[in-house]
Number of protein chains: 2
Amino acid sequence: MRAYMIGYKLPVDMIGGQVAKIVVSRNEHYPIGKYVTGSFGWRTHTICNPEKLKGNAGFAPFSLLPDISPYPVSLALGILGMPGNTAYFGMKEICRPKSGETIVVSGAAGAVGTHVGQIGKLSGCRVVGFAGTDEKCYYLEKELGFDRAFNYKTVDIKAALKEGAPRKVDCYFDNVGGQISSNIINYMNKYGRVAVCGSISSYNESCSPKATILQPAIVLKELKIEGFLVDRWIDRWEEGINANLRWLVDGKLKYEEKVYHGFDNMVDAFVGMLRGENTGKAVVKIK
Amino acid sequence: MRAYMIGYKLPVDMIGGQVAKIVVSRNEHYPIGKYVTGSFGWRTHTICNPEKLKGNAGFAPFSLLPDISPYPVSLALGILGMPGNTAYFGMKEICRPKSGETIVVSGAAGAVGTHVGQIGKLSGCRVVGFAGTDEKCYYLEKELGFDRAFNYKTVDIKAALKEGAPRKVDCYFDNVGGQISSNIINYMNKYGRVAVCGSISSYNESCSPKATILQPAIVLKELKIEGFLVDRWIDRWEEGINANLRWLVDGKLKYEEKVYHGFDNMVDAFVGMLRGENTGKAVVKIK
């Protein structure tokens, strides 16, 4: 959201994805009481014409929410929404993990990272995560089944890789960019794949920082590094949602939400997310 | 060659590719007077068993040289050999240029770079090169038809890109790595492709240098960056040789050789190549 807001001219509604309850309707396909998802931004009420909201995924493509009870509707913003599809398509189409390989994920305790690691385990891989607190690392190892998780703020990255990935790294799901990513990419195996999903470490900088160059490893290991925005797969959106829902129902995919309450707490929730308070998806629930 | 020699224990023959004339033979498929190519290293004479020399491409896969007269046999080390196939497969399989796109190549005046730029023009693209002297740039523009060529030692890279690539960059053939590559990659269009062929700028460093990170551009432009070693296509070796030979015969592909003479001048030739003395392929001819 930081990266995208640079392109907007103020004043403007803060961008963001919502699950919204229909309270008034003139369209029989969207009856009162049902829920829709959309990239409406930070607002309490939205008046919109569903026919005009087709397009890219954004934070949540506009759609009528199917009944996902007993799960909370907020999952449509998490594992059953954009972050879930980011993990699903990034792994399936770019990392392409094979059983027995080693996957590293940075930003591992976030909505996407927790999901990526679990898909890695479901793919028969060794999974190593980097996250920002010891508590998050404990959660990743004990609750989600990561083989190892390291607090990037306190460990030596190279030593952690040596310990956590004794057969080196075949896939890297990069949420953060910067020097830690240079260290990981320089520790990869021949024909390794890197899915570049985000560059959190640099979004606050006025100009991009420097880090150890990647080209020697890219050439000699013949690595493939690809960036993606999840709306590339907008035509296959349901495929991802259904695959994640099936894993969820089968008990193979766990999720965590950090829930804040009340519209007035939007800013605190956002800043908290930037500070790393959340494990899994940060959501704000409003009556 | 610098990058690979690190893996050898001294003393050892210096590695390298040769075209060698058969002067003694006990194998009827390899008669006296014919020529073979191979990665024999720096030596005047080699005794070898052809059946045992299958394998990777190295600097020149072992093979009997077909008659390529009136062209000199040394082309089997250049446009009709490993550098030629590096350009051919790197462009065809990784850059995948489309007509009307803009291609940038670094190390543009070398054996691979000159070839890459010409394939770019044959593909209907705008071609921009970076090389190390004004004379080389003049040659690239006037002789090889590059749309623009810049001396990376004297220009501002960002300004040169703005001038040379007004529609930004779709394909980048990277021979050098480092900061210039960061500048080019940060100037690419959506879905741009980068073929990483070398990292010349860092081979002399004891540890890899730092440069502006690539992840923000990789994500937001959804770039694909892939490194390669040409022996990946050893099974399609003849395809590349024949395509380049056809272009050569049709007058569509030009080449330049920097020829040194005499075995005793091998070291001077090598150091001269590292200093950037050569345009096109540097070869040493021995009586």
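# Exercises on a two-chain model

Asp147(B) is partly exposed, with a relative accessible area of 29%. That residue returns in the first exercise. Please keep in mind that the model is predicted.

## Exercise 1: A lysine and an aspartate

**Task.** Find the salt-bridge partner of Asp147(B) and decide which parts of chain B the pair ties together.

**Solution.**
1. Start with the atoms: the closest N and O atoms of Asp147(B) and Lys121(B) are 2.8 Å apart. A salt bridge requires such a nitrogen and oxygen to lie within 4 Å, so this pair qualifies.
2. Next, place both residues. Lys121(B) belongs to helix α3 (residues 111-122) of chain B, while Asp147(B) sits in the loop between α4 (134-142) and β6 (148-151), so the bridge ties together parts that are 26 residues apart in sequence.
3. Then look at exposure. Lys121(B) has a relative accessible area of 32% and is partly exposed; Asp147(B), at 29%, is partly exposed.
4. Finally, turn to chain A. Lys121(A) and Asp147(A) form a salt bridge with an N to O distance of 2.8 Å. Here helix α3 of chain A is linked to the loop between α4 and β6, and the pair is 26 residues apart in sequence. The relative accessible areas are 31% for Lys121(A) and 28% for Asp147(A).

## Exercise 2: A salt-bridge network

**Task.** Which residues are joined with Glu93(A) and Arg96(A) into one network, and how many salt bridges are there over all chains?

**Solution.**
1. Begin with the pair itself: the side chains of Glu93(A) and Arg96(A) meet in a salt bridge at 3.5 Å, N to O.
2. Follow the shared partners. They join Glu93(A) and Arg96(A) with Arg236(A) and Glu239(A).
3. For the total, the count over all chains comes to 24 salt bridges.

## Exercise 3: Two helix packings

**Task.** Classify the packing of α2(B) with α3(B), and then that of α2(A) with α8(A).

**Solution.**
1. Helix α2 of chain B spans residues 82-95 and packs against α3(B) at an angle of about 40°, with the axes 8 Å apart. That makes α2(B) oblique to α3(B).
2. Add the handedness: α2(B) passes α3(B) in a right-handed crossing.
3. Now the residues that meet. On the α2(B) side they include Pro83(B), Tyr88(B) and Met91(B), and on the α3(B) side they include His115(B), Val116(B) and Ile119(B).
4. Move to chain A, where the axes of α2 (residues 82-95) and α8 (residues 237-249) come within 9 Å and cross at roughly 100°. That makes α2(A) roughly perpendicular to α8(A).
5. Among the residues making this contact are Tyr88(A) and Phe89(A) of α2(A), and Trp237(A), Glu239(A) and Trp247(A) of α8(A). Glu239(A) is also part of the network in Exercise 2.

## Exercise 4: Strand residues that reach the other chain

**Task.** Which residues of chain A are in contact with Val196(B) and with Lys224(B)?

**Solution.**
1. Val196(B) lies in strand β8 (residues 188-196) of chain B. Is Val196(B) buried or exposed? At 1% relative accessibility, Val196(B) counts as buried.
2. Setting aside residues up to four places away in sequence, Val196(B) touches Gln215(A), Ile218(A) and Val219(A) of chain A. Contacts within chain B include Asp174(B), Ile225(B) and Phe228(B).
3. Lys224(B) is found in strand β10 (residues 224-227) of chain B, and at 35% relative accessibility Lys224(B) counts as partly exposed.
4. Leaving out neighbours within four places in sequence, the chain A contacts of Lys224(B) are Ile225(A) and Glu226(A). Gly192(B), Arg193(B) and Val194(B) are its contacts in chain B.

## Exercise 5: Backbone angles

**Task.** Which peptide bonds before Pro70(A) and Pro70(B) are cis, and what is notable about phi at Tyr191(A) and Tyr191(B)?

**Solution.**
1. In chain A, a cis peptide bond joins Ser69(A) and Pro70(A), with omega about 15°. Pro70(A) lies in the loop between β3 (63-64) and α2.
2. In chain B, a cis bond links Ser69(B) and Pro70(B), and omega is about 15°. Pro70(B) is in the loop between β3 and α2 of chain B.
3. For Tyr191(A), phi is near 60°, a positive value in a residue other than glycine. Tyr191(A) is in strand β8 of chain A and is partly exposed at 41%.
4. Tyr191(B) has a positive phi near 60°, lies in strand β8 of chain B, and is partly exposed at 40%.

Note on methods:
Residues numbered from 1 in each chain as written. Chains lettered and ligands numbered in written order. Predicted model: local features only at pLDDT ≥ 70, side-chain atom pairs only at ≥ 80, totals over all residues. Heavy atoms only, no water. Helix = DSSP H or I, 4+ residues; strand = E, 2+ residues; numbered from the N terminus. Buried < 20%, exposed > 50% of the residue type's maximum accessible area, 1.4 Å probe, protein only. Axes fitted to C-alpha atoms, helices over the stretch in contact; angles between N-to-C directions. Parallel < 35°, antiparallel > 145°, perpendicular 65-115°, else oblique. Left-handed = near helix turned anticlockwise from the far one by under 90°. Contact = heavy atoms within 4.5 Å.
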